[in-house]
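Biologist: Could you take me through the place where two chains meet, and explain the terms as we go?

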Amino acid sequence: MTRELMGGLLAILLGGGYFAMALQIRASALADTVGPAGLPKVLALLMIFLGLVLSAQALLSGRRKSRPAAEPASAADADADADPGDEIQGGLAGLARAGGLLAIGIGYLLIVRTVGYVPAIAALIVAATLYGGAALSWRVFAIGIAGAVLYYTLFVLMLGIPLPAGHLISLF
Amino acid sequence: MRGFFVIAGALAVGIAAFAPPATAQDYPKDTVTLVTHSSVGGGSDVFLRELSKYLGPALGANVIVENVTGGSGANAMARLASAPPDGSIFYATTPTFIYTSLLSNPEATYKDLEPLVNVFTDPEVIYTAEGSPYKTLQDVIDHAKTAQGTWGAANPASLERQLLERLKKAAGVNAAVVTHEGGGDMMINVLNGTLDIGVGEVQEVKSQLEAKQIRILATFSAEKLDTLPDVPTVKSLGYDIVARKFRGLAGPKGLPADVIAAWEKAIPAVLANPEYKAVYTAADLRPDFIPHAEYGPFIESFVAETEAFLKETGVIQ
Amino acid sequence: MQSAEILVTTPAILMACIGVAWGILGGALPGISPSITMALLLPFTYTLEPTSALILLASSYVGAEYGGSIPAILIRTPGTNAAAATVIDGYEMNRQGKAGLALGISLYSGVIGSLFGLLMLVVLSEPLSRVALSFRPPSYFALGILGLSVIVTLSGGSLVKAMIAGIFGLMVATVGTDPVTGGNRFTFGTADLLGGIEPVLIMVGLFAVSELLVQATQKDTTIRVESTARIEFPGWKLARRLLPAQMIGNVVGTFEGVMPGAGGTVASFIAYNEAKRWSRHKDEFGKGSPEGIAAPETANNTVSATAIIPLLAFGIPGSNSTAVLLGGFLIHGITVGPMIFVKSADVVHGLYGGLFVASIAQLIIGIMMMAPCIWLVNRPRAYLNAFIFALIFSGVFSIHQSLFDLSLVLGAGVVGFFMRMLKIPFLPTVLGLVLGYLVESNYRRALVISGGDHSIFLTDPISLGLLVVAALFIAGSLGRTLLETMKSRRTALN
């Protein structure tokens, strides 16, 4: 399955799901002629339509694959975000590596309320640094802790943002 | 002081009153947060900010105003309903929260809150741009009989909207009631002539009134206003519509007795403060203290009245 | 004259410098928006006299609008919503080892924007406030449509994909409270979603988190270009080339600033697009074009001054940031509105003077802050990325003190990752998200006013003008894309 086909199918799926949710928007007697569900329904249908177009394009160009230059090359209009697809390396293994980083982030979300901001963010920095390929040494830990203290100073002491203090502190 | 910074940061717009540090007793807390659904500069916001200046010393706490906008108060109610009932956070009630509860069926409604006390009632007025052809309310209604009238209300579901709908019915005209994202937004559309009239509180339109950019045509209060003796009441013009826009406070359900007592003492004290009295009189606010025991039933009766109107006009079932 | 006196008699210069430095810091931290940056200063303004207080607040606004571009260029994280347009070419230049130059362009464009905006504020407040008054709901709708029409040129490869991305953004914008009925849409019963999704959450997720995820897929063998360790200002030749882009930024910023509800983010994107349309080097956009930094950065700094116009003229804050400024006036008992020029003229003049100092301070402080920033991003990649991750998680939390927001950012990062994999551009998504509410609420409001008659969009002159421009623009872009496609097909066949 090509990238295009996958994108098209995802768009159809998204449009369909969104449409189903739009149908459940409660009608209000104060509504105007368009209504709260008016725009969402239009958006959903457009999304499904565009998804179909993209899928059709993908299938057609797939059939023309024998011809080398079937893909229209309007690279003149290319945009920073259009090229880096190839940056995602390593196939499934690459995906798994990205998933690992995501897991570190989720881990932070799970522990921060309990252990508090400083230990959690230090753990996040250490884990992400090691995950990013830094050699395991005391430096990683020292920098992680220093970074946590730095961010604490910046956000909590200077800016007064109430980052979670955690429950551990109350045990002492 | 930390808690203070914290909240100011969180809301993007927090203004505290200078206040002595909290005393040793259990209540009040160091910081009391008053939540409003109005954006900075809106009616409730101005009211709260003024009040907080004088309330701080009377209550012995830092009083902070937090703007939780959006959803015509639905967001603010949700925030209150999930807060602890320890007297550290209150919601500045206006009829809006009843309307939103009845009309939009949000996650948290007035039923999830406990009315504390009432502080003021304030008059709603009908205004038009200085350059508009309408000299009286009758001119506006006559226009709406022959052409498409456009009347502005600040929020989708609000007392202002109900007043306009009732006026439409009483006058037998069909004008479009245009809703906005707040009073400032609507003011622009009145000034540029998109709207024939707007409805708002006197204090909201004061700066435009002073600059002679708008004219006040009528007031929805029961009697004429002291500061605007030339403005007729809507009732005297033959349309039997009177509004009592209350301004009070409500907290999360289950407020402890000492919290209620502290506020029942602080509010009358603040209202009697001569300095504050000068301020709110100039702003056309009428002191209307209702103690906790009576405020609950008052709100209940307002709900019943509003609900009846909405059902009668077929807005809700 | 009066301004000059006030500058001498009050610590205005000091206030302007503190304000700018604070603003740059706040703006540079992702999640700390200009309005939060300013609100954090509010408590300190009680003890100041009114002019100093307002200078402090307004200067921090100037600084914050600039500060947002620093992480946008260096770590692909827009520090503010308005810096999202700068990410595109800024980060690209950084990847080519030209971070110093990118930062220099953004700084000096920002200063030009601040100065030009101030000039407009002082000289043209009156006529510009009339522009704001003449914008009615249909005009706002048309403005939003013009903004969305940018999507057809942001498409990169496939127009269909760009539109899918744009509609996805519009879908995200419908989450929250309905603008007409006050009912809930797509909130899944969560109070966290009632107020809608903050654009900055999606932007940080799409740009920054997706970048971290993409980098995680790579083995750390990619050759990294060390960025020049110091700030670099463009030479004469480049400066001349940037001038048209900056003029576009100035004009766009002036009008967007004046109109309540539009603001810096919309201004940046429109300026970026116009600069691209009128540039002689269109092809470079998206690949590290210096104009692609100059235009949006000039625009959002211009907004930081012109946004004050409707506040002073009507007492109506057009954005969160000016709402905080209004708070600053209220604290000191100054009624903002048409009478302010009569009643508190000295404060207004003092504010003008302070803003002038702030523009200069922006340049000096900007240069001083640059070297440490560049040093920071030249650290080993494993450390750098870990610190960016932690910075995002700390900064985003400060918006609502909500872990839910953090999970939204992570989610947006995953979505961005897959969009990159499928080669779907995400700028249209950001644009749809930023403009969706403006377009929908004003469309429906206009129809209520007209009694359901769509001709209101054609009888309102501003709306008509903007819609015609949008239509011409879309037709032109589509025509050009079609031509290019045909041409390339033909050459391919030959």
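Modeller: What follows concerns the contact between chain A and chain C in a predicted model.

Biologist: What makes the pair C:Lys161 and A:Glu4 a salt bridge?

Modeller: The side chains of C:Lys161 and A:Glu4 come together at 2.4 Å, taken from N to O, and the rule asks for a Lys or Arg nitrogen within 4 Å of a carboxyl oxygen of Asp or Glu, so the pair qualifies. Between chain A and chain C the count is 1 salt bridge, while 8 residue pairs across this interface are in polar contact.

Biologist: Which elements of chain A give two or more residues to the side that touches chain C?

Modeller: They are α1 (3-23), α2 (38-63), α3 (91-115), α4 (117-131) and α5 (138-158) of chain A, and α3(A) gives the most, with 12 residues.

Biologist: How are the residues on that side of chain A divided into nonpolar, polar and charged?

Modeller: There are 57 nonpolar, 15 polar and 13 charged residues on the side of chain A that touches chain C. The contact takes 85 residues from chain A and 82 residues from chain C, and the two chains bury about 7,400 Å² between them, with 71% of that area on carbon and sulfur atoms.

Biologist: Why is the span of residues 92-111 of chain A called helix?

Modeller: DSSP runs of H or I of at least four residues count as helices, and this span is 100% helix and 0% strand, so the name fits. Its end C-alpha atoms lie 28 Å apart, and an unreviewed UniProt entry lists residues 92-111 of chain A as a "transmembrane region".

Key:
Residues numbered from 1 in each chain as written. Chains lettered and ligands numbered in written order. Predicted model: local features only at pLDDT ≥ 70, side-chain atom pairs only at ≥ 80, totals over all residues. Heavy atoms only, no water. Contact = heavy atoms within 4.5 Å. Buried area = accessible area lost by both parts, 1.4 Å probe. Polar contact = N/O pair within 3.5 Å; in protein donor to acceptor, adjacent residues only side chain to side chain. Nonpolar A, V, L, I, M, F, W, Y, C, P; charged D, E, K, R; others polar. UniProt positions renumbered as here; feature names shortened; annotations may be inferred.
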